[in-house]
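Me: I'm new to this structure and would like a close look at a single part of it. Could you walk me through the aromatic rings and the core around them?

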Amino acid sequence: MPEMPASPGDAPVEAWPQPAPLRIDAGAAAGVQAVAPNAAAEPGGPHESAATGAGPDADRAVGSPPDAGAADAVPVADETPVSAPAARVRKRPKPGERRVQILQTLAQMLEQPGAERITTAALAAQLKVSEAALYRHFASKAQMFEGLIEFIESSVFTLINQIVEREGSGGEQSRRIVAVLLQFGEKNPGMTRVMVGDALVFEHERLGARMNQFFDRVESQLRQSLRLAAEAAGSATPTVDAQALASALTALAVGRLQRYTRSGFKRLPTEHLDLALLRLSS
């Protein structure tokens with residue numbers, strides 16, 4: 001596990017795409033069966049081609065169907081050179097791998113400044129699969145966004161927990177927490193649109209509520225850290241001081257992330273951050 005750097009601006013932040021931290025739903029992953037390269041394609045797909053047995057769905061393995069008279073043919077040694085290369089086949093993704101690819105592509109599409117609402121048709125076209133293929137891994141587009149939110153929660157709170165465990169000063173904890181939150185958004189523009197709700201305007205309301213809970217958790221951790229700092233400074237009202245400063249720091253973080261998205265990802269959320277954090281948390 002890497003050591004936390006000396007300054008908030010150097011804190012390690014995982015940048016998308018990083019498949020490993022994505023938490024794949026066990027039930028959905030179990031439903032994806034691995035198929036040998038030459039196995040027959042899965043039955044039943046309205047988008048399959050009658051001529052090939054497989055449509056644009058990249059989840060399906062594509063094999064070469066035998067000729068009608070293959071069973072009666074008599075092999076002739078001279079007709080097929082020994083050195084002939086094997087026919088190329090499309091490799092089927094491993095269980096859970098397609099889910100990660102879908103989430104990565106969705107996040108990349110969200111990185112386009114001024115991007116309109118992303119439809120499942122546009123997402124499927126980007127992946128070169130059918131919409132039916134998407135719904136074999138996610139029951140709805142809302143579930144795809146929930147997958148992105150899980151990645152945000154896992155990445156950010158893993159870093160926050162590391163900060164709390166390694167840094168004894170409450171004031172320094174609070175500064176680093178805000179720093180890693182803003183660095184994560186800066187390195188993951190598509191995720192930032194989810195964090196501030198810009199990408200969730202026309203989606204299910206539970207997604208916005210979940211992101212609100214995310215920032216509530218951040219503010220709660222800031223209150224704990226700032227209370228330690230207030231007590232160490234001899235404050236007569238450490239709880240009140242911690243609540244006020246935690247609210248101000250959370251508002252700073254959310255505001256900078258919103259400005260980042262509205263500027264087309266030009267105004268970086270970490271610019272002049274060290275000075276601002278020192279003034280607010282001291």
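Reply: Here's a walk from the whole chain down to the rings.

First, some ground rules: this is a predicted model, where local features need pLDDT of at least 70 and side-chain atom pairs count only at pLDDT 80 or more, while totals for chains, interfaces and linings use all residues. Residues are numbered from 1 along each chain as its sequence is written, and side-chain values use heavy atoms, with hydrogens and water left out.

The protein chain has ten helices and zero strands (both are DSSP runs numbered from the N terminus: H or I of at least four residues for helices, E of at least two for strands). Out of its 282 residues, 41% count as buried; buried means under 20% relative accessible area, exposed means over 50%, and partly exposed is in between, using a 1.4 Å probe and protein chains only.

Now to the core. The largest nonpolar core holds 53 residues, and Phe145, Leu148, Val194, Met195 and Phe214 touch the most other members. Helix H5 (residues 141-166) gives the largest share of this core, with twelve residues. A nonpolar core here is a set of buried Ala, Val, Leu, Ile, Met, Phe, Trp, Tyr and Cys residues joined through side-chain atoms within 4.5 Å.

Take Met195. Leaving aside neighbours within four places in sequence, Met195 is in contact (heavy atoms within 4.5 Å) with Ile152, Leu181, Phe184, Met211, Phe214, Phe215 and Leu257.

That list leads us to the rings. A pair of aromatic rings is described by the distance of the centres and the angle of the planes. Rings of Phe, Tyr and Trp (its six-membered ring) pair if their centres lie within 6.5 Å; planes under 30 degrees apart are stacked, over 60 edge-to-face, and the rest tilted. By this rule there are four aromatic pairs. One of them joins Phe214 and Phe215 edge-to-face, 5.1 Å centre to centre with 80° between the planes. Both Phe214 and Phe215 are buried.

Another edge-to-face pair is Tyr260 with Phe265, at 5.2 Å centre to centre and 65° between the planes. Tyr260 counts as buried because its relative accessibility is 3%, and Phe265 is buried too, since its relative accessible area is 14%.

Back at the earlier pair, Phe157 joins Phe214 and Phe215 in one aromatic cluster. Phe157 also has a charged partner: the charged end of Arg217 sits over its ring, 3.7 Å from the centre. "Over" means that NZ of Lys or CZ of Arg is within 6 Å of the ring centre and within 35 degrees of the ring normal.
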